[in-house]
Amino acid sequence: MESEYRELVNEVLRKIGRNILIFQQIEKGLKVLLPFIHPDATEKGSNSFRRYTEAVKSKTLGQLINNFIESTEYNTDYFVEELRDIVAHRNKLVHHFGESKGLNILSTEEGCRACIAELESQCKEAIFLYKEIRLFVFGLLAFLRENYAESNPNIDILYKRLKADVISEVEYINLFDPLETTWENTRIVKLLRLAEIHTDKIGDMTLLARAGQFIKNQDPECTPEKYGIKTLKGVLKASGLFEVVESQDGKQNGISVLYKSKVPR
């Protein structure tokens, strides 16, 4: 029992450190992002951009959140309240955590478990904003890479590092360069794979025409054009996730396209 209690104390300390790091990452992301989106930096010339970039380095999380609200479409009372709650959670963690629970909040098993529950709740709210900020920064890097990568190779390096972190979680679509789209997470690839299960096969492969009808029945709005590609065959090839075979269709005097998912290596 004593060793279990010690482990609970360690778990509280680990979660405190984790949450502080999440709040620090939110601050860091906002400091990168705000000079590119805040009107004080973007509408008054290059000197304003430089001054704002320098000034933002010393801003508190509360000031950064306020600037973020001014810069984006988070203009409803609900979202503004949610964002400001993040500041309150951070301040409570850093300055007031445990004040209401006595001098030594880790002196009992009950106190430890209460802390863990509170820290988990706090983490869920902070992680949501962290991921939102990360997506904003990723979008910014994608724009900078498209326009300035040749003159600044570091932009491409930063883009690729963040992309590796982001693509496992979101459906990222690049209409200008479909090869950059995170096909593994896209709705259309998931439907193509479902079609492999729910339509009749020819050998071990799926007829693309049948898959196309299946996708249309499941989600009429999920079309190749949404991903910057004209045909489902183009999606198969651009994604690199499928084996594709084309064969002569004797009955209809045309070409049949068949496909199957590649086996992961």
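Is F36 buried, partly exposed or exposed? In this predicted model, F36 is partly exposed. Its relative accessible area is 34%, which lies between the 20% limit for buried and the 50% limit for exposed. We will come back to this residue after a look at the whole chain.

Start with the overall layout. The protein has 10 helices and 4 strands. Along the sequence, they run α-α-α-α-α-α-α-α-β-β-α-α-β-β. The chain holds 265 residues, and 37% of them count as buried. The accessible surface is about 16100 Å². Carbon and sulfur atoms make up 53% of that surface. Now take the contacts with a separation of 6 or more. Of these, 58% join residues 24 or more positions apart.

Next, the aromatic rings. A pair of aromatic rings is described by the distance of the centres and the angle of the planes. The whole structure contains 4 aromatic pairs. One of them joins F36 and F49. Their ring centres are 5.1 Å apart, and their planes meet at 65 degrees. Angles over 60 degrees count as edge-to-face, so this pair is edge-to-face. It links distant parts of the chain. F36 sits in helix α1, residues 2-37, and F49 sits in helix α3, residues 46-56. The two are 13 residues apart. F49 is also partly exposed, with a relative accessible area of 29%.

A second pair joins F68 and F136. Here the centres are 5.4 Å apart. The planes stand at 85 degrees, so this pair too is edge-to-face. Again, distant parts of the chain are linked. F68 belongs to helix α4, residues 61-71. F136 belongs to helix α6, residues 109-148. The two residues are 68 positions apart in the chain. How do the partners stand with respect to the surface? F68 is buried, with a relative accessible area of 0%. F136 is partly exposed, at 32%.

Finally, turn to the largest pocket. How much space lies in it? The volume is about 510 Å³. The lining consists of 19 residues. Nearest the centre lie V32, V137, L141, L158 and L162. Helices α1, α6 and α7 (153-166) each supply at least two lining residues. Two of these helices have already appeared: α1 carries F36, and α6 carries F136. By type, the lining divides into 11 nonpolar, 4 polar and 4 charged residues.

Note on methods:
Residues are numbered from 1 along each chain as its sequence is written. This is a predicted model: local features need pLDDT of at least 70, side-chain atom pairs count only at pLDDT 80 or more; totals for chains, interfaces and linings use all residues. Side-chain values use heavy atoms; hydrogens and water are left out. Rings of Phe, Tyr and Trp (its six-membered ring) pair if their centres lie within 6.5 Å; planes under 30 degrees apart count as stacked, over 60 as edge-to-face and the rest as tilted. Buried means under 20% relative accessible area, exposed over 50%, partly exposed in between (1.4 Å probe, protein chains only). On a 1 Å grid over the protein atoms alone, a cavity is a set of points where a 1.4 Å probe fits but cannot get out, and a pocket is an open set with protein on both sides within 12 Å along at least five of seven lines; lining residues have an atom within 4 Å of a point. Grid points are joined across faces, edges and corners, and a volume is the space filled by probe spheres set on the points. Ala, Val, Leu, Ile, Met, Phe, Trp, Tyr, Cys and Pro count as nonpolar, Asp, Glu, Lys and Arg as charged, and the others, Gly among them, as polar. Contact means heavy atoms within 4.5 Å. Accessible areas come from the Shrake-Rupley method with a 1.4 Å probe; for residues, only the protein chains shown count as cover.
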